[in-house]
Amino acid sequence: MLGDSQTIAKPLSILYRGFLSSCNYACGYCPFAKHLETPAEHQRDAAALERFVQWVEARAAPTSVFFTPYGEALVRSRYQKAVQRLSRLPHLEKVVVQTNGSWGLDWLTGVNLQKLALWITFHPSETSIEKFVTRATLLLERGVRFSVGVVGIRENLEGIQNLRDQLPDSVYLWINAFDRRGRDYYTPDTLKRLIQIDPYFALNLERYPARGQDCHAGNSVISIDSYGIARRCHFIEMPIGNIYELEFEQQLKPKPCTRAVCDCHIGYVHLESLGLYDVFEGGILERIPKNWSIH
Ligand code: SF4
Ligand code: SF4
């Protein structure tokens, strides 16, 4: 029902998390992506993705799409093609993908790179720093915009430092607090070093009180699943509607958060009181601080 979407005319950032739940990596700390999909399951994911891309194509208003799969999407040609199609839409502001960066580069020739951004996580058990940096350099040479991230495991401090030392300065390396354990997990010295590597690491150490706070999620940012069911974010289960239904846009409005805390970048970056739209201006979804390239 593509016609339904024509009633929507509001600028929107959409986090898409579909059926895909497999990965070419096998990180020990991964809570998902342990699934091997059957051909029928791949088909189901492909059909849902196609429906979503067609819906975005039919939209009239500025749209950003952020693929946040429970697995690795860009090793699948259907997601590569979806990114190619989306990136060429005049009203598409940006297409962003969370990825491990392990795929071949040929498909990038069909992408409008002006509109692509990647959130690439380095997984030390699955690839070497050298291979990863070589890949990052190739992406930079092609003009791809991306951030790189790691999980801040204490025992991996030297590896994180090595990665920072070997990546070009123009690439922002973010560190996620391990397992949301906060400051107590780190010694003061480790904390100091991690903040030297990622000047914004302290932002990720907090569990932000969210209940009652204003948040862009649910108004100008939504999360959707393969059925088009929209939630205000990945962390609040209660649906707010379905993008494939008429009048869906009427559900989008400012409203206070109903969750006690928000502790993941893809959520708290939208919490209005934190002012992070200014800090990450131009790179809110892909997690690149404003003017990072001049650091
Ligand atoms: S690359 Fe990501 S999705 Fe794949 S196994 Fe590692 S953590 Fe999980
Ligand atoms: S503060 Fe976090 S949990 Fe609350 S609505 Fe925003 S993104 Fe969702």
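## Exercises on a predicted model

Leu-276 has a relative accessibility of 3%, so this residue counts as buried. The model we're working with is predicted, so keep that in mind as you go.

**Exercise 1. Work out where Leu-276 sits and which residues beyond its sequence neighbours it is in contact with.**

Start with the secondary structure: Leu-276 belongs to helix H9. Next, skip the neighbours within four places in sequence; Leu-276 then has contacts with Leu-203, Tyr-268 and Val-269. Now take Leu-203 and check the spacing. Along the chain, Leu-203 and Leu-276 are 73 residues apart, yet their C-alpha atoms are 9.6 Å apart in space.

**Exercise 2. Classify the ring pair of Tyr-200 and Phe-280, and say which parts of the chain this pair ties together.**

A search of the whole structure turns up 17 aromatic pairs. For this one, look at the geometry: the ring centres are 6.0 Å apart and the planes meet at 50 degrees, so call the pair tilted. The cut-offs behind that call are under 30 degrees for stacked and over 60 for edge-to-face.

Then place the two residues. Tyr-200 is in the loop between helix H6 (188-197) and helix H7 (201-204), while Phe-280 is in the segment after helix H9 (276-279), so the pair ties together parts 80 residues apart in sequence.

Last, check exposure, with buried meaning under 20%. Tyr-200, at 22% relative accessibility, counts as partly exposed, whereas Phe-280, at 2%, is buried.

**Exercise 3. Find which residues are linked by ring pairs into a cluster, and which ring has Arg-44 over its face.**

For the cluster, follow the ring pairs through Tyr-16, Phe-52, Trp-55, Phe-67, Tyr-79 and Tyr-244. For the arginine, go to Phe-19: Arg-44 lies over its face, 3.6 Å from the ring centre. There's another case to look at, with the charged end of Arg-135 over the ring of Trp-103, 6.0 Å from the centre.

**Exercise 4. Describe the largest pocket: its volume, its lining and what supplies that lining.**

Begin with volume, which is about 1,100 Å³. The lining has 36 residues, and those nearest the centre are Pro-31, Phe-32, Gln-98, Val-151 and Asn-176. Sort the lining by class and you get 19 nonpolar, 9 polar and 8 charged residues.

Now for the elements. Strands S3 (92-99), S4 (116-121) and S6 (173-177), plus helix H8 (265-268), each supply at least two lining residues. S6 gives the most, with 3.

Technical notes: Residues are numbered from 1 along each chain as its sequence is written. Chains are lettered from A and ligands numbered from 1 in the order in which they are written. This is a predicted model: local features need pLDDT of at least 70, side-chain atom pairs count only at pLDDT 80 or more; totals for chains, interfaces and linings use all residues. Side-chain values use heavy atoms; hydrogens and water are left out. On a 1 Å grid over the protein atoms alone, a cavity is a set of points where a 1.4 Å probe fits but cannot get out, and a pocket is an open set with protein on both sides within 12 Å along at least five of seven lines; lining residues have an atom within 4 Å of a point. Grid points are joined across faces, edges and corners, and a volume is the space filled by probe spheres set on the points. Helices (H or I, at least four residues) and strands (E, at least two) are DSSP runs, numbered from the N terminus. Ala, Val, Leu, Ile, Met, Phe, Trp, Tyr, Cys and Pro count as nonpolar, Asp, Glu, Lys and Arg as charged, and the others, Gly among them, as polar. Rings of Phe, Tyr and Trp (its six-membered ring) pair if their centres lie within 6.5 Å; planes under 30 degrees apart count as stacked, over 60 as edge-to-face and the rest as tilted. Buried means under 20% relative accessible area, exposed over 50%, partly exposed in between (1.4 Å probe, protein chains only). A charge sits over a ring if NZ of Lys or CZ of Arg is within 6 Å of the ring centre and within 35 degrees of the ring normal. Contact means heavy atoms within 4.5 Å.
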